[in-house]
Amino acid sequence: MAMRQTPLTCSGHTRPVVDLAFSGITPYGYFLISACKDGKPMLRQGDTGDWIGTFLGHKGAVWGATLNKDATKAATAAADFTAKVWDAVSGDELMTLAHKHIVKSVDFTQDSNYLLTGGQDKLLRIYDLNKPEAEPKEISGHTSGIKKALWCSEDQQILSADDKTVRLWDHATMTEVKSLNFNMSVSSMEYIPEGEMLVITYGRSIAFHSAVSLDPIKSFEAPATINSASLHPEKEFLVAGGEDFKLYKYDYNSGEELESYKGHFGPIHCVRFSPDGELYASGSEDGTLRLWQTVVGKTYGLWKCVLPEDSGELAKPKISFPETAEEELEEIASENSDSIYSSTPEVKA
């Protein structure tokens, strides 16, 4: 009998959570940032979901958020026509980058010296963070608002997605290398540096392409419209979530559905694996983030594997803190999705 997945519910946001990103693994562990329509991106400890701080300064919905590898800087993209760069240690705002329309996506280069942005004005912009007063480099060519823009191939190239097109650009020449066209709207795009792979979701499809050539590798069909998908670091399986409130886990090699379960009280907007692959995070219309174990029952973070005294029973996963009945948690999560913002969000088991 399979163990039941018991997620950690991270409350604190008051509107839909639309984007999330993990840092790399640092000497202090790894970290998680969330973008929300409440305009208050939050930083958390990645393995436990513990709230660290909230970045205050945007005057509109935050559509995109990211951390650099060592979690010393954060960047956010918002509906107030700005992207902001933050000191992720102190929480201080370092700079505001003015745009001409809503900004949807931000991404640091590996050395954290440059920031790539994309948004509703259909332009890609590259900012030199060491020269904040300098005008950004601009790349034009998209025919609709840009949803996602990512550095790839060791920052030598750029991947960007608008409504129904994914484009690959050469950084040095600022020219388009190749493009992919889809017959429906692209809902998400994830870049996997190890192996140069691209995960694209559109409609019910989860498609894998080469990030170098954009050639197709394989694709899966889900039972419902998918808004986001993420590939495990070891490329053994993937998770996806979308409009039916469910999370799906698939075997990457065979395409077999391994698990599916109701994840939230609203559509799931974003899912991502942690850098060590031990958990994945999901963000939803219900205003919560949830953390899920990759291997259910394993002792990790706040999850403790409790072995029964009688060896005839299966080990049962429990969460060490707080000790709250699962039925109560469902009510708490439902209430939190509409609650007034708290300055000290908590992690609920």
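**Strands, loops and a pocket**

Trainee: In which loop is Ala71 found?
Mentor: Two strands flank this loop, strands being DSSP runs of E with at least two residues, numbered from the N terminus. One of them, E6, spans 62-67; the other, E7, spans 73-78. Ala71 is found in the loop between E6 and E7.

Trainee: What kind of model is this, and how are its residues numbered?
Mentor: This is a predicted model: local features need pLDDT of at least 70, side-chain atom pairs count only at pLDDT 80 or more, and totals for chains, interfaces and linings use all residues. Side-chain values use heavy atoms, with hydrogens and water left out, and residues are numbered along each chain, as its sequence is written, from 1.

Trainee: What is the phi of Ala71?
Mentor: Most residues other than glycine have a negative phi. Ala71 is not a glycine, yet its phi is positive, at about 60°.

Trainee: Is Ala71 buried or exposed?
Mentor: Buried means under 20% relative accessible area, exposed over 50%, and partly exposed in between (1.4 Å probe, protein chains only). Ala71 has 10% relative accessibility, so it counts as buried.

Trainee: Where is Leu214, and what is its phi?
Mentor: Leu214 sits in the loop between strand E20 (205-210) and strand E21 (216-221). Its relative accessible area is 1%, so Leu214 is buried. Leu214 is not a glycine, but its phi is positive, at about 70°.

Trainee: How many helices and strands does the chain have?
Mentor: Helices are DSSP runs of H or I with at least four residues. Counting over the chain gives one helix and 31 strands.

Trainee: What volume does the largest pocket have?
Mentor: On a 1 Å grid over the protein atoms alone, a pocket is an open set of points where a 1.4 Å probe fits, with protein on both sides within 12 Å along at least five of seven lines. Grid points are joined across faces, edges and corners, and the volume is the space filled by probe spheres set on the points. For the largest pocket, this comes to about 1100 Å³.

Trainee: Which residues lie nearest the centre of the largest pocket?
Mentor: Lining residues have an atom within 4 Å of a point. Strands that each supply at least two lining residues include E2 (17-22) and E18 (186-192). The lining has 38 residues, and those nearest the centre are Phe22, Ser23, Lys69, Tyr191 and Pro193.
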